[in-house]
Amino acid sequence: MFLDFIASQLGFLEYNEESSVFMQFPEETRKVLAGEIVRVLIGNSPLPGATLKSANHVRVIMEIVGQSFGLPIKVETIDIIAGATELYRRWLLGDDERLIPPPIKDDFEVHQYFFKQMFNHFSLLFQPQAGEEEQKDGGGESLLNHHVRLCENVLEIYANVGSEVPLKEDTWEHLLKVVLGITDSLLGQPKGSDLLAERLCPSLLKVLFSLWLRSGMIGVMWDNLRDLIWHWRHRMPAIKQWNAVVLGLTNRITRIMYGPTVGTRNIVISIDGDTTEINDSADHYVVYAWQRMLRLLGDLETIPIPANYLEAIKGVGQVANQLLQIGQKDLDPESKLLQPDGNTILHIVGAFIFEAINNYRDGFEKGKAAALEAALSILSSRSRTKFNPLYLAYFYRGLEKALSTEHPLLVSTVILHSTVNLFQSEFPGSHVLIPTYIHAIGRILPETGHGAILRNACIRILGCFTCYPEHFARLIFSRNNTTIKKPLVKTYEEMIAPLNAIMLGGLKVELDPGNLQAFLWVASVYANASIEYNTSFCDGLIRSILQKIVTVGFPGWTDEVMLTCFQILTDLSCVHQFLVEETEENGPTRPRAGLIRQRLTLGSFSNASNHCGILLVTTLCKFFEIRCAVQCAPAPPLEELVVKTWIMTGDWILRNAGLFKTVLSIIEKCRGDVKGYHAPTYKIKEAASSMLWTIVNQHGQFPPPIGPSNFSSLPSEADLLTHSKLTSKNITCFLFNKTLMSVIREPRSYGRIAVTIILRDLSGKFVWNANLNYFPCVPEHISEPGVKPPEKDPLEALPAPDPVEYLDELMAYLTEEERKKQDAVLSLAIQRVKEEAAHLRKTSFGHTDNTVHRPRLPPQDVESDTTASRLLLAHVGLLSMENRGAFSLLQSDASKPFNFLQNFKNIDSTAERECLQIGVIYVPKGGMSMQQIFDNEKGSQDYFDFLSSLGWAVDLNTHTGFTGGLDPKATGDLTPYYADLYTEVHKRRLVLSDRVLISWVEDVAEYSIDLLEECKAAVNIVINPLPSGLYRVRIINKHGKVRDVGPLVDEMIVSKHILSFLVRLDKEAIQPLVMRKQQIDDFVRKHKIDVSLSKFYASQFSMAKS
């Protein structure tokens, strides 16, 4: 007895004419017979199993009990069938050996036979019955629910037998045929035609596949399963079960191949939280079952239902993802195993994926999109693989077909998953897709209605294209997409026009703030890369930005976006459209083929009298007027916006008188000096004042005579005092408004009046030497007119008498006594001469002088003489009563005079410009440890070219500018350095305190941010040289998160001639003017003294000593 379908339709079993005799009895008789037998054998006082002593006894009982599974599902038959199920469960699983008949318990061959018969009998229960859903029991529950529960109990017994009971191979085969027959009889029906099949489908499949994997069956049974499952693919549970089994086998086989760090120890099949674990399958059978199971569903393109097709493709994608997750760091180094590369994974799943992405059916777009996602994931995750050219051809053709369709899901899937590693990895032939990508992106960015995430992906792909027109120029794309009717670009040079249109059009309609920032940065890089041959784009970009700036409340253009706009305008204002020969006088440059691009004027973009520069400044001034007007007072978040804008001022503004006056008038308004405008906030007022200081003090003098490293004069008070051999008493310090003034008085000689003045403000420190000059020109020696310098003493001017010749010879004739007398006489004579000479001098040699002489200054004490400083201050008007409120004395603590000069040093140590220290490391192929990276001084020629383009070399032993804390003893004498009007940047080997880290990585796939877990850098700029001569840029933090800081965007591709220029712009710096102002304010607070008018003026005069 068994389900007729198994024999008649499948031919798995043969009919036995000696069986099924009771199936011909009337239904009532069958119920009574089965019910009574079951009651006796499993009732409250069950009959011991030993009663059935022979196999014939058991056979007769099973004929009676087994026919009950074929009874119709009715209220009165439910308990009978449940009892029969329980009886067979006890015999099969052996819960209570007392109830098991000896033939089943003692003889293995016999009990295997009876097991087969019980499996057959159970199958009768799975015959669908009409009207079960409508028929109810006494409690109102449908008979279908009872039927389902009875079947699920049988399925549970099947599963338990497979996992707990030893079975012979032929018994296993018999069991699989029965369960396979039951499954096909139900699931092979059209969906919706039978409710029992719908309800039992998940359980049936779960039991079938778990038994299959436990059986170890090979050969023809797998062919039978493959042929039958073809008819079940219209049922979603069948697809889900296949997915789960394939994934479970994949996890198990990865453990077998790669060891305990990956995969799972057993075959784990999980569907919607229901997990089955199979732990008794041999390794060799797992491998066999895996490859058979992968291809069990056959050609996925023939699955008739879109939802089922999507689920099947997702299953393929899960297998691919599982293989992709096997990281090299998870493997035992001693095993010398390598993670599966891209070709290996495509050998396994490529047939499914490539068929899916190259064959399209209406309505199946979601499945195609899943296949595209899986394909892109494989290529992007295995970028180091040298893919089989055939695979790449299938892949490119699939992407091209997807991008050429009008279906938004396919286009968006390709775009969203193409931002990483597709163009960055430079797969052979990948550029053939560029025309199609430009066409697809051109249908998204300039139009509204597309999601922010999709638009962001388009923007990042554009970041890969910005340098292609210049780098590849007139090279022709090897193949053109013929499926698109619209003409596509044929050369790299032809990319310029569509890129211009896409970027300028996209900026007009973009509303997402994050996208706007990324879009602006990409456009900025494109403008810098193409400035020599694409000036119209720069003009268009600047005009587009300016138009949005003056449009109050334009959607998406937040304060953060505005700050990005101002930074971009600043960067563009420093770019010149032509190349000049590299000379020492040109200052900071970026090299390109022996030439440099000089950072000059924004006005060079247009030939119409700097029209673009004028437009820029006038628009920004309009922005200020709007923000500072009474009716539109700036909110606190806008303070930073207004403050940042001042950096737009450059030397080129000073060349246009009208432009310069406009800027000055806006500074006046933002300082609050013009009526009718809102009183500025503190930050805005300070920013305007700082900008005025910058214009007055720094513009037109960069680089200064001492070089670009310093804006300030180098000497300090201590240096000048030491050089002139003076003391701190020769210094008088004043405060005029916000300027510190140290006046050092020099000793007067021959009437010369001179002072040295040291001025300190926000813009720096400046040393002036001042002489009071009364002559038409300055002679070398200054003396009083009409008075000759004093002559020498007349006596001293007389020639010394000649010695007596031969005196020594004459003295030799004298005796010793005569010689002593002679010496005494000579001594008296000399003394007498001196006395007479002193008397003559005292009496003016007997002359009386009645001449009137010009008065002379009395002798002055060098330390207390304040005449020189007083005269200078009076002459420039600082001692006038009008300036009395703005001019004050500064005085040191008498007990601690050293602190006074030390505080000056603290002010001088605060830079006038933004100072940034950047760590630079080189990571070769094969990687390095943290210590090796720190100690490494080697690198490729390309790397050293990059270092040299970051700045010029300075000797740390003599360098007077920002050093970033470098010690030449530890790092060497030479280091790259860069400075301009607003910034000082120091590049050096990695130091853990560096805020910005540049990692030159030869193989980005081997680079792990974990190596730098101790580094405190906020931004890590990773540069990866590509085979084409271009450079891939990644911007991440130490936690691995992507971070765009502008103008470089993560995963951008740039060319060599602008790489260092963009890196210099990519910085996180402090605000030095703020810190310098704090230092000056602190100094004033400590040393400013308030004195009365009389005391103040009295301090400016030398006092006679008492």
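**Exercise 1. Take stock of the chain: how many helices and strands does it have, and what share of its residues is buried?**

Start with the secondary structure: the chain has 40 helices and 19 strands. Keep in mind as you go that this is a predicted model. Next, burial: of the 1106 residues, 49% count as buried. Finally, look at how contacts spread along the sequence. Taking contacts with a separation of 6 or more, 69% of them are between residues 24 or more positions apart.

**Exercise 2. Find the largest nonpolar core: which residues have the most contacts inside it, and which helix gives the most to it?**

First, the size: the largest nonpolar core has 233 residues. Those with the most contacts inside it are W91, Y158, I415, F423, Y437, F465 and Y468. Helix α9, residues 195-215, gives the most to this core, with 12 residues. There's also a second, separate core of 17 residues, with L721, I758, F1083 and V1084 among them.

Now zoom in on I415. Once residues up to four places away in sequence are set aside, I415 touches L403, Y437, I441, I444, L454, A457, C458 and I461. As a rule, nonpolar side chains in soluble globular proteins tend to be buried together.

**Exercise 3. Work out how α22 and α24 pack: at roughly what angle do their axes cross, and which residues meet?**

Step one is geometry. Helix α22 (residues 513-529) and helix α24 (residues 559-572) have axes that come within 9 Å and cross at roughly 5 degrees. Angles under 35 degrees count as roughly parallel, so α22 is roughly parallel to α24.

Step two is the contact itself. On the α22 side you'll find P513, L516, Q517, L520, W521, S524, A527 and N528; they meet E560, V561, T564, C565, Q567, I568, D571 and L572 in α24. Sort the residues of this contact by type and you get nine nonpolar, five polar and two charged.

**Exercise 4. Trace the six-stranded open sheet: what is the strand order, and which strands sit at the edges?**

Walking across the sheet, the order is β9-β8-β7-β6-β10-β19, with antiparallel pairing. The edge strands are β9 (764-772) and β19 (1088-1089), each of which pairs on one side only.

For a close-up, pick β6 (residues 731-736) and β10 (residues 887-890), an antiparallel pair with four bridges. Here F734 stands opposite L889 in β10. Then add the helix: α33 (residues 867-875) lies across β6, β7, β8, β9 and β10, and runs at about 60 degrees to β8.

**Exercise 5. Look at strand β15: how many of its residues are buried, and which strands does it pair with?**

Begin with burial. Six of the six residues of β15 (residues 996-1001) are buried, so the strand is largely enclosed by the rest of the structure. Side chains in a regular strand alternate between the two faces of the sheet, and here both faces are covered: V996, I998 and W1000 are buried on one side, and L997, S999 and V1001 on the other.

Now the partners. Strand β11 (residues 914-923) is joined to β15 by six bridges, and the two run parallel; Y922 stands opposite W1000. Strand β16 (residues 1019-1025) is joined to β15 by five bridges, again running parallel. The bridge partner of S999 in β16 is V1022.

**Exercise 6. Check two non-glycine residues with positive phi, A473 and E1051: is each one buried or partly exposed?**

Take A473, with a phi of about 50 degrees. A473 is in the loop between α20 (468-472) and α21 (496-509), and at 29% relative accessibility it counts as partly exposed.

E1051 has a phi of about 70 degrees and lies in the loop between β17 (1031-1036) and β18 (1052-1054). With a relative accessible area of 3%, E1051 is buried.

**Exercise 7. Place S281: where does it lie, and what does it touch?**

S281 is in the loop between β2 (274-278) and α12 (283-294). Its relative accessible area is 14%, so S281 is buried. Leaving out residues up to four places away in sequence, S281 touches L213, R214, I267 and V286. One last distance: S281 and N266 are 15 residues apart in sequence, and their C-alpha atoms are 8.2 Å apart in space.

Technical notes. Residues numbered from 1 in each chain as written. Predicted model: local features only at pLDDT ≥ 70, side-chain atom pairs only at ≥ 80, totals over all residues. Heavy atoms only, no water. Axes fitted to C-alpha atoms, helices over the stretch in contact; angles between N-to-C directions. Parallel < 35°, antiparallel > 145°, perpendicular 65-115°, else oblique. Contact = heavy atoms within 4.5 Å. Nonpolar A, V, L, I, M, F, W, Y, C, P; charged D, E, K, R; others polar. Core = buried A, V, L, I, M, F, W, Y, C linked by side-chain atoms within 4.5 Å. Buried < 20%, exposed > 50% of the residue type's maximum accessible area, 1.4 Å probe, protein only. Pairing = 2+ DSSP bridges.
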